[in-house]
Amino acid sequence: MTHARITGTGSYLPEEVITNKDLEAFCDTTDEWIRKRTGIEQRHKAASGQGTSDLALHAAQDALADAGMSPEEVELLIVCTVTPDQMFPASANLLQGKLGAVNAASFDINAACSGFMTGLSTADAFIRAGRYKKILLIGAEIQSSRMTWKNRDTAILFGDGAGAVVIEAQETDSGVLTTHLGSDGKNYEILHLPRGGSRDYYTKENFDDDAYTIYMKGPELFKRAVIKFAEVAQEALDATGLTMDDIALFVPHQANARIIEAAGERMGIAPEKVMVNIQHTGNTTAASIPIALHEAKEAGRIKEGDYVMLASFGAGLTWGASIIKW
Ligand code: UT7
């Protein structure tokens, strides 16, 4: 049977590091509070002039090298991001040009923290339909461009980075076994960036420092995340007939270490089977799952034949889960 298999992974974190201690200088918070409430110790920040497609380029090259694939072989290139280089064209179009993926169609997916899960589901559907055989899927964000460092609600949480996977059609029983997505647009205001789009655009008169700030009702999101992570994970298990005991590694969206811990408990998965790298990356939105997946693979935490579960929850609201036989 034709399955979508991940044959290469890569990631990129920009050079500049902002520690919690650094943040103490910009906003009313402490290193101790951030560690205790989020598990985060530091996050990376893109250099001025760097765009999301520049971060994506490094991760994409890394993943292609890992898969032994040339840019010309890529048939479809998807970038999942809520922080594109510019309003249009898509960052995927910009990346396609920079990478020299001359034979690839390209588009962006805007599904926030569930961007990568939405991208994986899309890639899987194209492969199952027989439309494409070689797909490059990237999650990339420069969240530092959408927040003010003085706003402690968001400055403590988000980080910049990119993660990439190469996905290939193979005749095998391994690969993406199932994908599940959901959304709740009625509650979009829990986490959103209201300004800068078509409804309320910037003018010289209405622009101020906070105009491009992300708004987040953190605790509200926290409660919903824990419940939805567990629900969508169970959906994926039910679709495959597997149980949580069969899962060798759970790679969740790195929203907050306490959300991951609470969701893991609710799901009934042992903490040692859960990948957590938020301490050094912060929450990188659509990039967090592919970065964590790459780091887990590099650390030898995934073996061939393992069942790996991925899951996300975030702005939209959106959520998703997938089970992959590695
Ligand atoms: O990626 C997907 C989308 N994002 C998420 O899923 C994020 C979900 N939410 C969260 O991660 C957490 O809600 C936050 C990290 C945003 C906040 O943590 P919390 O444990 O929910 O804190 P809280 O907002 O309930 O605030 C607890 C206390 C309050 O003080 P009092 O009233 O107990 O005296 C806040 O004023 O902590 C205070 N506080 C802070 N103190 C220092 C809130 N934010 C901060 C801060 N630094 N940054």
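Start by coloring domain 1 (2-173) and domain 2 (177-325) in this predicted model. Both domains give residues to the shell around the ligand, so the ligand lies between them.

Next, show the protein surface and find the pockets. Which one holds the ligand? Look in the second largest pocket: that's where the ligand sits.

Now select everything that surrounds the ligand. You should pick up 22 residues. The closest include Thr29, Arg37 and Asn283, along with His253 and Asn256. Try coloring this shell by class: 12 residues are nonpolar, six are polar and four are charged.

Switch to the cartoon view and check the helices. Helix 2 (31-38), helix 7 (218-240) and helix 8 (257-267) each supply at least two residues of the shell. Which helix gives the largest share? Click on helix 7, which brings four residues.

Time to zoom in on some side chains. Pick His253 and turn on distances: an N or O atom in its side chain is 2.7 Å from an oxygen atom of the ligand. Then go to Asn256, where a polar side-chain atom also lies 2.7 Å from a ligand oxygen. Add Trp33 as well; here a polar side-chain atom lies 3.1 Å from an oxygen atom of the ligand.

Last stop: put the surface back on and ask how much of the ligand the protein buries. Taken alone, the ligand exposes 940 Å², and the protein buries 72% of that.

Definitions and conventions:
Residues numbered from 1 in each chain as written. Predicted model: local features only at pLDDT ≥ 70, side-chain atom pairs only at ≥ 80, totals over all residues. Heavy atoms only, no water. Near = heavy atom within 4 Å. Polar contact = N/O pair within 3.5 Å; in protein donor to acceptor, adjacent residues only side chain to side chain. Areas by Shrake-Rupley, 256 points an atom, 1.4 Å probe, with all protein chains shown as cover. 1 Å grid on protein atoms, 1.4 Å probe; cavity = no way out; pocket = protein on both sides within 12 Å on 5 of 7 lines; lining within 4 Å. Sits in = over half its atoms within 2 Å of the grid points. Nonpolar A, V, L, I, M, F, W, Y, C, P; charged D, E, K, R; others polar. Domains from an automatic or database assignment.
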